[in-house]
Each structure stands twice: as C-alpha cells, then as structure tokens.
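I opened a fresh page for this model. My plan was to go through helices, a pocket and a few single residues, and to write down what I found.

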Amino acid sequence: MLKKILKISGLLLLALILIIFTCNSIISSTAEDKTYTDVALIPANRVGLVLGTSNRLTNGSPNPYYTYRINATKALYNAGKIKFILVSGDNGSIYYNEPDTFKKDLVKAGIPEEVIFLDYAGFRTLDSMFRAKFIFGLDDVTVISQKFHNERAIYIAKQKGLKAIGFNAKDVSTSQGLKVQTREYLARVKVFIDMILNTQPKFYGTAIEIK
C-alpha cells in the first residue's frame with residue numbers, strides 16, 4: 001500500500017512539474033522578442049501601461065520592484081517612447097491605493113500630471129490587460145514591469161486581442177526576488193486556468209478615453 005501511495009504521489013509530482021514547465025515555456029515563447037531593456041531600441045507606443053505593486057514591502061522598507069518601475073516609466077517618457085501613462089493597480093481599501101501612489105511619485109519624477117491616467121480596478125494582471133483593451137480602448141500598448149511580469153502580461157494581452165510589447169524594469173536578485181520568481185511559476189499556471197474558465201475582471205465600468 002505504501003509503495004502504491006508513493007508511486008501515485010510521484011506521478012502527481014511529475015505531472016505538476018510538467019504542467020509548470022509547459023505553461024512557463026508557452027508564455028516565454030509567446031513573449032520572445034517582445035520585451036526590451038534598452039530604451040533606444042524599443043518601438044514607440046502612444047500609451048505605456050505600468051503594472052501596479054506596493055511601494056513598500058511587508059517590513060516597511062521600500063519595494064525595489066516599485067522603484068524600478070517608476071524609473072523605467074520615467075526613462076520611456078523622457079525618451080519620447082510613450083506619450084501617455086496608464087497606471088493599473090489595486091485600490092482595495094482607503095488605506096491601500098497603488099494607482100494614486102504611483103501617480104504622486106511619477107509627478108515627483110517630472111512627468112506631467114495630465115498625461116497620467118489611473119485604472120483603480122487592476123487587481124490582477126488579467127484585469128489590467130483586459131481593462132486596457134476594453135475599458136481604455138487600447139489596441140497597442142507598452143507594458144512596464146519586470147521581464148517575468150511583462151511576459152505574462154503580453155501573453156494575456158494576446159488572448160484579449162491587445163498588441164503588447166514590454167519594457168523591462170530592473171529586476172531584483174535578492175531573496176525577495178527569489179520569492180517573487182517562485183510565485184511567478186504558479187501565476188503562469190493560473191493564467192491557463194483563467195483562460196479555460198473564461199475568468200472575467202472583477203469590475204468593468206464605463207469606457208475611458210486616453211487623450
């Protein structure tokens with residue numbers, strides 16, 4: 001009986017590893033040649049979509065993912081590679097508002113307030129990409145986040161009929177980065193579950209024109 005249990009457990013583990021590997025490979029290959037690290041090489045798009053994250057870690061220290069996305073957005077805008085910025089993030093409570101925080105820091109970085117638009121219902125990457133297409137009316141967009149995140153966003157965008165490229169903000173190589181990268185493998189599996197279940201964004205809302 002024990003041998004049978006171990007054999008089944010081994011098969012399930014092997015199946016899980018295969019699923020994770022397959023999902024990761026499909027998303028990475030879909031985004032191949034669609035992400036950029038050099039601002040001089042990336043094609044221009046009218047709108048840059050910044051994917052939200054908290055500006056602070058759970059221990060209260062600055063979140064480097066957030067800081068690097070601010071820097072990447074500033075670099076793109078100053079180089080004339082985007083004209084407008086759409087910040088999509090979580091606005092789950094009066095105490096937590098990613099879009100407003102991003103906007104304040106982007107303005108501090110020298111980006112005019114009038115070119116920044118906010119999507120308060122970007123609770124997940126799926127929501128952000130769906131709403132960019134169907135609420136904000138975008139056909140093309142430059143996604144701004146770390147490479148691993150951009151790849152997943154580009155894959156989701158393709159499924160929604162949104163043509164996306166990514167500008168890769170600097171990544172994080174510390175233990176914090178390892179935790180995020182590990183979660184990313186599971187997030188990529190979740191993408192395919194969402195596609196199978198036809199998961200919809202948490203909120204729709206009225207159309208908003210970026211101009």
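**Entry 1: helix H2**

I began at the end of a helix. Gly80 comes just after H2 and takes a positive phi of about 75 degrees. I note here that the model is a predicted one.

Next I checked the length of H2. The helix has 15 residues. From first C-alpha to last I get 21 Å, close to the 21 Å expected at 1.5 Å a residue.

At the start of H2 I looked for a side chain reaching the backbone. I found a side-chain oxygen of Asn63 within 3.0 Å of the backbone nitrogen of Tyr65.

Then I asked which residues of H2 are buried. My list reads Pro64, Tyr65, Tyr66, Arg69, Ile70, Ala72, Thr73 and Leu76. Tyr65 thus appears twice in my notes on H2, as a buried residue and as the owner of the backbone nitrogen that Asn63 reaches.

**Entry 2: helix H5**

I ran the length check on H5 too. H5 has 13 residues and spans 19 Å between its first and last C-alpha atoms. The expected value at 1.5 Å a residue is 18 Å, and the span is close to it.

How many residues of H5 are buried? I count ten of the 13, so H5 is largely enclosed by the rest of the structure. The buried ones are Phe148, His149, Asn150, Glu151, Arg152, Ala153, Ile154, Tyr155, Ile156 and Ala157.

After H5 I met another glycine. Gly161 follows the helix and has a positive phi, near 80 degrees.

**Entry 3: the largest pocket**

I turned to empty space. Rolling a probe the size of a water molecule over the atoms shows where such space is left. The largest pocket holds about 860 Å³. Its lining has 35 residues, and the closest to the centre are Gly52, Thr53, His149, Val180 and Arg183. I had already listed His149 among the buried residues of H5.

Which helices supply at least two residues each to the lining? I noted H2 (64-78), H4 (125-134), H5 (147-159) and H6 (175-197). H6 gives the most, with nine residues.

I also sorted the lining by class. It has eleven nonpolar, 13 polar and eleven charged residues.

**Entry 4: Asn45**

I picked Asn45 next. Asn45 sits in the loop between strand E1 (35-36) and strand E2 (47-51). Is Asn45 buried or exposed? Its relative accessible area is 17%, under the 20% cut-off, so I logged it as buried.

I then listed its contacts, leaving aside neighbours within four places in sequence. Asn45 is in contact with Lys81, Ile82, Lys83, Asp140, Val141, Thr142 and Ile165. With Thr142 there is also a polar contact, side chain to side chain, at 3.0 Å.

**Entry 5: Asp100**

Asp100 belongs to helix H3 (residues 98-108). I logged it as partly exposed, with a relative accessible area of 26%.

What does Asp100 touch, apart from residues up to four places away in sequence? I found Leu118 and Tyr120. The side chains of Asp100 and Tyr120 make a polar contact at 2.8 Å.

I took one distance as well. Asp100 and Leu16 are 84 residues apart in sequence, and their C-alpha atoms are 39 Å apart.

**Entry 6: Ile111**

I moved on to the loop between H3 and strand E4 (116-119), where Ile111 is found. Ile111 has 2% relative accessibility, so it counts as buried.

Its contacts, not counting residues up to four places away in sequence, are Thr73, Lys74, Tyr77, Ile85, Leu106 and Ile116. Thr73 was on my list of buried residues in H2.

I took a distance here too. Ile111 and Ile5 are 106 residues apart along the chain, with 60 Å between their C-alpha atoms.

**Entry 7: positive phi outside glycine**

I finished with backbone angles. Asp33 is not a glycine, yet has a positive phi of about 65 degrees. Asp33 lies in the loop between helix H1 (2-30) and E1. I have it as exposed, at 66% relative accessibility.

Asn198 is not a glycine either, and its phi is positive at about 55 degrees. Asn198 is in the segment after H6. I logged Asn198 as exposed, with a relative accessible area of 51%.

Technical notes. Residues are numbered from 1 along each chain as its sequence is written. This is a predicted model: local features need pLDDT of at least 70, side-chain atom pairs count only at pLDDT 80 or more; totals for chains, interfaces and linings use all residues. Side-chain values use heavy atoms; hydrogens and water are left out. Helices (H or I, at least four residues) and strands (E, at least two) are DSSP runs, numbered from the N terminus. Buried means under 20% relative accessible area, exposed over 50%, partly exposed in between (1.4 Å probe, protein chains only). A polar contact is a pair of N or O atoms within 3.5 Å; within protein, one must be able to donate a hydrogen and the other to accept it, and residues adjacent in sequence count only if both atoms are side-chain atoms. Contact means heavy atoms within 4.5 Å. On a 1 Å grid over the protein atoms alone, a cavity is a set of points where a 1.4 Å probe fits but cannot get out, and a pocket is an open set with protein on both sides within 12 Å along at least five of seven lines; lining residues have an atom within 4 Å of a point. Grid points are joined across faces, edges and corners, and a volume is the space filled by probe spheres set on the points. Ala, Val, Leu, Ile, Met, Phe, Trp, Tyr, Cys and Pro count as nonpolar, Asp, Glu, Lys and Arg as charged, and the others, Gly among them, as polar. The expected span of a helix is 1.5 Å times one less than its number of residues.
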